[in-house]
Structures are given as C-alpha cells and as structure tokens.
Amino acid sequence: MTAPRIVRPQVRPVLQQPLGVGESPVWDEKSGTLWLVDIQAPAVIRILPQGKVDRFDMPSAIGSLGLCRDRRVVVALRTGLHLFDPVSGDFELLCDPVGRVNCRLNDGKVGPDGHFWVGSMSEAKPQTNDAALYRLGPDGSARTVATGLTSSNGLAWSPDGRRMYHSDSRQCFLQAFDFDPEEGELANASRLRVFSEEEGRPDGGATDRDGYYWSAGVSAGRLNRISPAGEILEIYILPVAAPTMPCFGGPDMRTLFVTSLSTNRSGHFEAGTVVAFDVDAEGLPPFRFGN
C-alpha cells in the first residue's frame with residue numbers, strides 16, 4: 001500500500017466573523033453564492049459573490065441545509081425539517097422525524113432523488129447509539145433508513161448517483177451503500193474504513209467528479225481524500241484545528257470550501273471559520289430539493 005501524499009494547500013480566509021460550529025457549506029452554482037450554518041448560534045449564513053455576508057437567525061439549533069428548486073432553502077432544525085424563505089423570513093414545517101428521542105438533526109444533504117437525507121446525533125451525556133439516518137421528502141414524508149448511530153455524518157454521492165457515502169463521526173467509520181437515484185433505495189452496506197483520532201474522525205464529506213471522497217478529519221486538522229475502496233490517498237493539512245465539512249464550488253467547481261468549529265485543542269482558543277483553497281479536482285453542483 002502506497003503512503004498517502006501530504007499536501008499543504010495555499011489557504012485563504014472566506015469569512016471574517018467567527019463561528020461557533022460552522023457546518024454544511026453548500027455552493028449555489030447559479031448565483032455564485034456560498035451557504036452554510038452555525039449550529040448553535042443558531043444561524044444560516046449566505047456569502048454573496050461580492051463578499052457581502054447575510055445572516056438569518058434560526059429559531060432553534062440547525063444541523064444542515066440544502067437548496068430548493070425555488071428561492072427557498074430546506075433547513076434541518078432541532079424542531080424538524082423546514083422550508084425557509086430568506087426573502088420573507090417564513091418557515092414551513094415539513095416533518096419532525098426525531099420526535100422525543102434525545103437527539104437532534106445533524107448532517108444532511110439533498111440526494112439525487114430530490115429528497116433530503118439527514119442524520120441525527122445523540123445529545124445524551126454520555127452519548128448513546130440512538131441516532132438514525134432519515135430520508136425526508138418534499139411532501140413531508142419521512143422514512144428511517146439506518147439506526148444504531150451516534151453522530152450521523154459524511155453524506156455524499158458518487159458522480160453517477162449510484163453510491164451513497166455515510167459516516168458516523170463518533171463511531172469513527174465510513175460506509176457506502178448501493179443507491180437507486182430514482183427511488184432513493186439503499187442496498188449492500190459496506191464498511192470502508194475505521195479511522196483513528198490521528199487520522200481524523202470522519203465529519204462532513206464531499207465527492208469529486210472522479211469519484212473520490214473527501215472527508216473532514218475533525219480531530220486531526222486535515223482533509224482526507226479517499227478512494228472508493230476506502231484507502232486514504234492524499235492528506236491535506238489545514239491551518240484550522242477542527243475542520244467540519246468540505247464542499248466544492250467556484251466558477252469551475254475546483255475550489256474547496258471548508259468550515260470549522262471553535263476549539264482550544266491547540267492550546268489556545270480558535271474560533272470556527274470558513275477557508276478555501278484551489279485543488280486539482282473538480283466537484284459537482286449540489287442536488288435540489290423537490291421532485
């Protein structure tokens with residue numbers, strides 16, 4: 001097995017204001033806009049092409065967001081999945097799959113099937129394996145597709161939409177499923193890798209056009225570029241201690257945007273932020289919520 005290639009990218013800051021827990025970056029290729037969330041603030045943040053930053057306060061903790069086919073965004077709040085209109089400020093509740101379990105919605109993305117795939121994370125102390133992964137529809141439907149999780153994370157799809165990646169950042173594994181992009185059905189789960197703390201607990205993820213999976217190693221200050229077989233091929237050493245999720249964007253989809261969370265892991269306090277760097281890989285535009 002070949003040793004991973006070590007890369008120290010030329011990183012530039014994207015956001016000046018500090019974040020508590022920056023997460024869920026999504027690039028809108030139609031407007032050149034970067035969306036993200038600050039989980040506990042709680043807020044949705046929109047960074048416009050001219051650098052203007054809009055902040056939309058949320059009524060409860062927000063785990064993730066996705067783009068809709070209209071001007072709205074779909075937001076995974078502690079109180080359930082909502083449609084949010086950034087123009088009017090209105091919310092529309094679609095469903096609340098978690099209910100009374102001591103969990104909240106966490107990492108989520110719109111899939112090739114136009115549904116919002118989102119997992120929960122345990123808020124019990126200590127954490128328990130009561131979290132789950134859900135498929136949520138624009139009609140308010142909800143289906144539980146995986147259970148026994150602690151902190152569901154890392155959702156991404158292969159370029160042809162026929163493979164879905166998913167991680168648990170507390171149980172430290174990355175898995176893959178066969179995926180039906182029309183019906184949204186999962187099959188043939190396979191465990192690709194279990195990570196050490198030094199390799200980086202697998203937080204948010206993204207895939208490139210060549211089918212490689214990029215995992216934010218939140219415990220190790222790095223991104224891991226991983227083959228479809230689960231082998232770490234490249235390690236991107238970052239100037240943030242706790243990266244939470246990458247996404248591809250920019251005019252040519254060759255810029256990686258990476259969110260991070262606040263931490264004092266390095267011996268001094270470091271606020272969460274968003275950084276960007278150019279890569280020799282191309283991403284794919286995000287899917288849109290709706291049939």
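**View 1. Strand S12, enclosed by the rest of the structure.** In this predicted model, strand S12 covers residues 116-122, and seven of its seven residues are buried, so the strand is largely enclosed by the rest of the structure. Try following the side chains along S12: Phe 116, Val 118, Ser 120 and Ser 122 point one way, while Trp 117, Gly 119 and Met 121 point the other way. Whichever way they point, all of these residues are buried.

**View 2. The hairpin of S11 and S12.** Here strand S11 (residues 103-110) joins the picture, pairing with S12 in the antiparallel sense over six bridges. To find one of the pairings, look for Gly 108, whose bridge partner in S12 is Val 118. The two strands form a hairpin, with five residues between them. In the turn you can spot Gly 114, which has a positive phi of about 80 degrees.

**View 3. S12 and its partner S13.** Strand S13 (residues 131-136) runs antiparallel to S12, and four bridges join the two. Val 118 appears again here: its bridge partner in S13 is Tyr 134.

**View 4. Ser 152 and its surroundings.** Ser 152 sits in strand S15, which covers residues 152-157. Is Ser 152 buried or exposed? Its relative accessible area is 0%, which is under the 20% cut-off, so Ser 152 counts as buried. Its side chain makes a polar contact of 2.8 Å with the side chain of His 166. Leaving aside neighbours within four places in sequence, the residues in contact with Ser 152 include Gly 119 and Ser 120, as well as Asn 106, Asp 107, Ala 132 and Leu 133.

Notes: Residues numbered from 1 in each chain as written. Predicted model: local features only at pLDDT ≥ 70, side-chain atom pairs only at ≥ 80, totals over all residues. Heavy atoms only, no water. Buried < 20%, exposed > 50% of the residue type's maximum accessible area, 1.4 Å probe, protein only. Polar contact = N/O pair within 3.5 Å; in protein donor to acceptor, adjacent residues only side chain to side chain. Contact = heavy atoms within 4.5 Å. Pairing = 2+ DSSP bridges.
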